[in-house]
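Grab a pencil and work through these short exercises with the model open beside you. Each task is followed by a solution that goes step by step.

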Amino acid sequence: MVIRYYACAFDADRTEQALADPFTVIGSDPLADAWGLEPGFTVGVMGERPSLPERDFVYLDKAWRHLQRITWPGNLTRPRPAYRMFEGQVSWSGMGHEPWVRVLTPDEVLRIAPDLERINEQEVEANLDDPWNELRDKGEEVAYAVEHLHRAKAFVQLVAAERRGFAYLIGWWRWTWRFIHHRILLA
């Protein structure tokens, strides 16, 4: 099981709806959306269907943990504004886990965008500390973080330019898919 990051943009007129229920803007199977597979896939060929457009969706794979470290490094007493886009951790229970879900309004995106844009590769390298010695090869991890930082920047710049918001999910997609379907069945 791998914890991943997905964000789905929405138009400003859907902000209240997204705040009330983030799953109205997050697809039922965000991994399938990212990989171009049919929702609920068990087997498939990547690219069977088009991935969602970059203006509507960003998939940051497992880089969310790196981006958390970069936007709230240990040398700061509080996180920088961009941290709000990466904050979160799944909650574990006896039944599995509950994903972290947050909605960022268009106004919040406007505060995040310039801060995220200021982060450069040198800052990534300096702040991608490894207190638990979990990075296998720091050079590879920095390159991975920088690649996903660029994806995050491109997405946020597009969303901010259009005065849109987005909802993000940090979690394991299959649980999320079952959770949504379970909620629909109970409704």
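**Exercise 1.** Which residues of β2 are buried on one side, and which on the other?

*Solution.* Before we start, some ground rules. This is a predicted model, where local features need pLDDT of at least 70, side-chain atom pairs count only at pLDDT 80 or more, and totals for chains, interfaces and linings use all residues. Residues are numbered from 1 along each chain as its sequence is written, and side-chain values use heavy atoms, with hydrogens and water left out.

Step 1: Phe 57, Tyr 59 and Asp 61 are buried on one side of β2, while Val 58 and Leu 60 are buried on the other. Buried means under 20% relative accessible area, exposed is over 50%, and partly exposed lies in between (1.4 Å probe, protein chains only). Helices (H or I, at least four residues) and strands (E, at least two) are DSSP runs, numbered from the N terminus.

Step 2: set that beside the general pattern. In a regular strand the side chains alternate between the two faces of the sheet.

Step 3: tally up. Five of the five residues in β2 are buried.

**Exercise 2.** Find the strand that joins β2, and say which residue of β2 partners Tyr 5.

*Solution.* Step 1: strand β1 (residues 4-10) is joined to β2 by four bridges, and the two run antiparallel. Strands pair if DSSP finds at least two bridges between them.

Step 2: the bridge partner of Tyr 5 is Asp 61, which sits in β2 (residues 57-61).

Step 3: look at the backbone there. Asp 61 has a positive phi of about 50 degrees, though it isn't a glycine. Most residues other than glycine have a negative phi. Asp 61 counts as buried because its relative accessibility is 12%.

**Exercise 3.** Compare Asp 61 with Arg 163: where does Arg 163 lie, and how accessible is it?

*Solution.* Step 1: Arg 163 is in the loop between α6 (138-161) and β6 (165-171). Its phi is also positive, near 50 degrees, in a residue other than glycine.

Step 2: with a relative accessible area of 41%, Arg 163 is partly exposed, whereas Asp 61 is buried.

**Exercise 4.** Check the span of α4, then locate its bend.

*Solution.* Step 1: the expected span is 1.5 Å times one less than the number of residues. The 13 residues of α4 should therefore span 18 Å, and the end C-alpha atoms are 19 Å apart, which agrees.

Step 2: α4 bends by about 25 degrees at Ile 112, and Pro 114 follows within four residues. The bend is the angle between axes fitted to the seven residues ending at a residue and the seven starting there.

Step 3: buried residues of α4 include Ile 112, Ala 113 and Leu 116. Their cover includes α1 (15-20), β5 (100-104), α6 and β6.

**Exercise 5.** Which side chain makes a polar contact with Glu 141?

*Solution.* Step 1: Glu 141 is in helix α6 and, at 9% relative accessibility, is buried.

Step 2: the side chains of Glu 141 and His 66 share a polar contact of 2.5 Å. That term means a pair of N or O atoms within 3.5 Å; within protein, one must be able to donate a hydrogen and the other to accept it, and residues adjacent in sequence count only if both atoms are side-chain atoms.

**Exercise 6.** Where is confidence lowest, and where is it highest?

*Solution.* Step 1: pLDDT is the predictor's confidence in each residue, from 0 to 100. Helix α7 (residues 173-186) is lowest, at a mean of 44, and helix α4 (residues 106-118) is highest, at 98.

Step 2: over residues 175-187 the pLDDT is below 50. Where pLDDT is low, the predicted coordinates shouldn't be read in detail.

Key
Contact means heavy atoms within 4.5 Å.
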